[in-house]
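User: Please introduce this structure to a newcomer through a short series of questions and answers.

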Amino acid sequence: MSVSARTSMPALGGAEWLNSGPLGPAELAGHVVVVNFWTLTCINWLRQEPYVRAWSRAYSDDGLIVVGVHTPEFSFEHALDRVRQATNERGIDYPVTVDNDYAIWRAFDNHYWPALYFVDAQGVIRDHHFGEGRYEQSERMIQRLLGVERELVSVAGHGVEAEADWDHLRTPETYLGYARGEHFASPGRIGFDERRTYELPPQGVRLGTWALAGVWTIGPESVVLAEAGGSITYRFHARDAHLVLARGPGPPIPFRVTLDGAAPGPAHGVDVDAEGHGLLRDARLYQLVRQRDEVRERTLEITFLEPGAGAYVFTFG
């Protein structure tokens, strides 16, 4: 059943809760509730999150309860410690339930990260929104459900939470694992779930395509480096370039990013210094590039100095 056909909010029956005990009908009765589906590596959720935090803090005394539902996209996002770490890093102080088995996701018939559902004090879903944006309308809906009217909260995202530069964003997100991967430019046969040596195309990568160099295993979710020194090259047009990374057991993995063959300098992202050096510690989204002046087409290369790095999806902003 689609959410538009529902008259009441499904139960929030997550097995694990952060920042609160389980919230059932008794605990939520009489409250306006905003349910936010998220997953920790989603750039769209990261850019939305400053607004959700601000609403929770601005309207909690008026009777609002925000509940984050963490439903994982990638296998490593099932780890409770990783969800807890992401919650702390983002300063999330409202309740979060961990939906590893997708039970809440299915109960809402949800299909998107992020997704917002606005529930009135009688438990009826009155509105929903998928993806980023529409922040003023969403906050006005919260105010109407609470019966308050005042100035909207002031929100400014920083780092990976900053709003995208939509006017210059011309490259879509790109998955690397074979289950959803596309626009792969390395010549020769792709080896599924097997180690193979890949090379860059002789003519280089075209806009919106990517290639591997070195010994990699292409799996359903990610590409995993088998020998030190392997690289991924992508040609893109956007202010920001991000890459979701994870690693196997062992020490952190150093990497180096170049733009058009040189150190990124002032165009480095928050997870890279001006010389392009970064360190893969945690499984999360890494911001590799933020162009602070003219936004133009660039070639990004990331080289890992040790094996074991796994790359999942490029996203842009």
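The exchange below treats the chain as a whole and then its interior.

Analyst: This is a predicted model, in which local features need pLDDT of at least 70 and side-chain atom pairs count only at pLDDT 80 or more, while totals for chains, interfaces and linings use all residues. Residues are numbered from 1 along each chain as its sequence is written, and side-chain values use heavy atoms, leaving out hydrogens and water.

User: How many helices and strands does the protein chain have?

Analyst: Helices (H or I, at least four residues) and strands (E, at least two) are DSSP runs, numbered from the N terminus. The count for the protein chain is five helices and 17 strands.

User: Why is the protein chain described as being as compact as a globular protein of that length?

Analyst: The globule rule is 2.2 Å times the number of residues to the power 0.38, and the radius of gyration is taken over C-alpha atoms. For 317 residues the rule gives 20 Å, so the chain is as compact as a globular protein of that length, its radius of gyration being close to that at 21 Å.

User: Which residues touch the most other members of the largest nonpolar core?

Analyst: A nonpolar core joins buried Ala, Val, Leu, Ile, Met, Phe, Trp, Tyr and Cys residues through side-chain atoms within 4.5 Å; buried means under 20% relative accessible area (1.4 Å probe, protein chains only). Among the 38 residues of the largest such core, those touching the most other members are Trp55, Leu64, Phe76 and Ile142.

User: Which helix gives the largest share of this core?

Analyst: The largest share is seven residues. These come from helix α2 (residues 43-59).

Methods. Buried < 20%, exposed > 50% of the residue type's maximum accessible area, 1.4 Å probe, protein only.
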